[in-house]
Amino acid sequence: MEFNIVRELNGKFDPIVLIKSDEKPDDALSPKAGRGGCIMAFIAQTIAKRKTTAFGRENITCGGIATGMGWGDGFDSPEAMEFQATFLSLGKDSAKDKDKYLKKLENRPKNVYEMFKHGERIYCDFDTALAHIKNRPVYDDKQYVIFKAIENLKEDEIPDSVVFTLNTMELSAILQLNGSFRTENANVVTPQASACQAIGSFTFQQDEKDIPDPVLSPLDFAARRHMKHFIPNDYLCLSMPWRLFLKLEELSKNSVFQTDFWSEFGNEK
């Protein structure tokens, strides 16, 4: 499918769409069942190489992925939740029992061991991390989440959301467009969460609002480490529910994109 907003942006990376489904496309790139790792490395290939990727419940290897893709909270016990809160804060220094925490890391590869030992440090301490984890938006529906290039969207497909990948000027234009129809200042949500949760569950949450806000990510450097081979460091993602995208698509036909400003600061067609 073709969209005016995509043509006007003419960016390095066209948007991709997220589709919840109970069926997995045969041609989708996916991790092997039970395999660990960050799914953002796969999603980055959808963004940069336009490959369709898909993830199912068999790919749940941490509570973060489960929550992000809308498959429950991902924890089978309070201890599992506490382990993640320890990792997302200061690692060993946040652990209630440091020896027990390090014991769980013994059989992990050296780089993973060091990462978990020192923590991802998204949160300043264990209690803050645990509070955020407990307050995450949690959904539990469908078996798969599919990411595909927007130009490959079929006429009968209705995505759940859209993910833009934007440089500074492109981001400025989309944010201006997003604020152009609102009577109050526009908000942008920047979740203190992993990238998969930002483009997933936190964006799903926006679809529950009368007027949804876009979600800016990734803030976590762990995700960026997995994306940097495909996406330059000076790009950000902006995700939004499908209905907000359609609103901006209509607005884009008579907007900043048709001004000399965009001719000066934007991308040449």
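Here is a short walk through the sheet of this predicted model, and through the elements around it.

Let's start with the sheet as a whole. Six strands make up an open sheet, with antiparallel pairing and the order 2-3-1-4-6-5. At its edges stand strand 2 (53-56) and strand 5 (215-217); each has a single partner strand, so one side of each is left without a neighbour in the sheet. On average, neighbouring strands are turned by 20° against each other, direction ignored.

Now turn to strand 1, residues 16-21. In the sheet order, strand 1 sits between strand 3 and strand 4. With strand 3 (residues 144-149) strand 1 pairs in the antiparallel sense over six bridges, and here serine 21 stands opposite tyrosine 144. Towards strand 4 (residues 161-166) there are three bridges, again in antiparallel fashion. Along that border, isoleucine 16 faces valine 163, while leucine 18 stands opposite serine 161.

Two helices are worth a look next. Helix 8 (residues 168-179) packs on the sheet and touches strand 4, strand 5 and strand 6 (236-241). The direction of helix 8 makes about 140° with that of strand 4. Helix 12 (residues 242-251) also packs on the sheet, touching strand 4 and strand 6, and its direction makes about 100° with that of strand 6.

Finally, come back to strand 1 and ask about its surroundings. Both of its faces are covered: Ile16, Leu18 and Lys20 are buried on one side, and Val17, Ile19 and Ser21 are buried on the other. Because six of the six residues of strand 1 are buried, the strand is largely enclosed by the rest of the structure.

Key:
Residues are numbered from 1 along each chain as its sequence is written. This is a predicted model: local features need pLDDT of at least 70, side-chain atom pairs count only at pLDDT 80 or more; totals for chains, interfaces and linings use all residues. Side-chain values use heavy atoms; hydrogens and water are left out. Two strands pair if DSSP finds at least two bridges between them. Helices (H or I, at least four residues) and strands (E, at least two) are DSSP runs, numbered from the N terminus. Axes are lines fitted to C-alpha atoms, for helices over the stretch in contact, and angles run from 0 to 180 degrees between N-to-C directions. Contact means heavy atoms within 4.5 Å. Buried means under 20% relative accessible area, exposed over 50%, partly exposed in between (1.4 Å probe, protein chains only).
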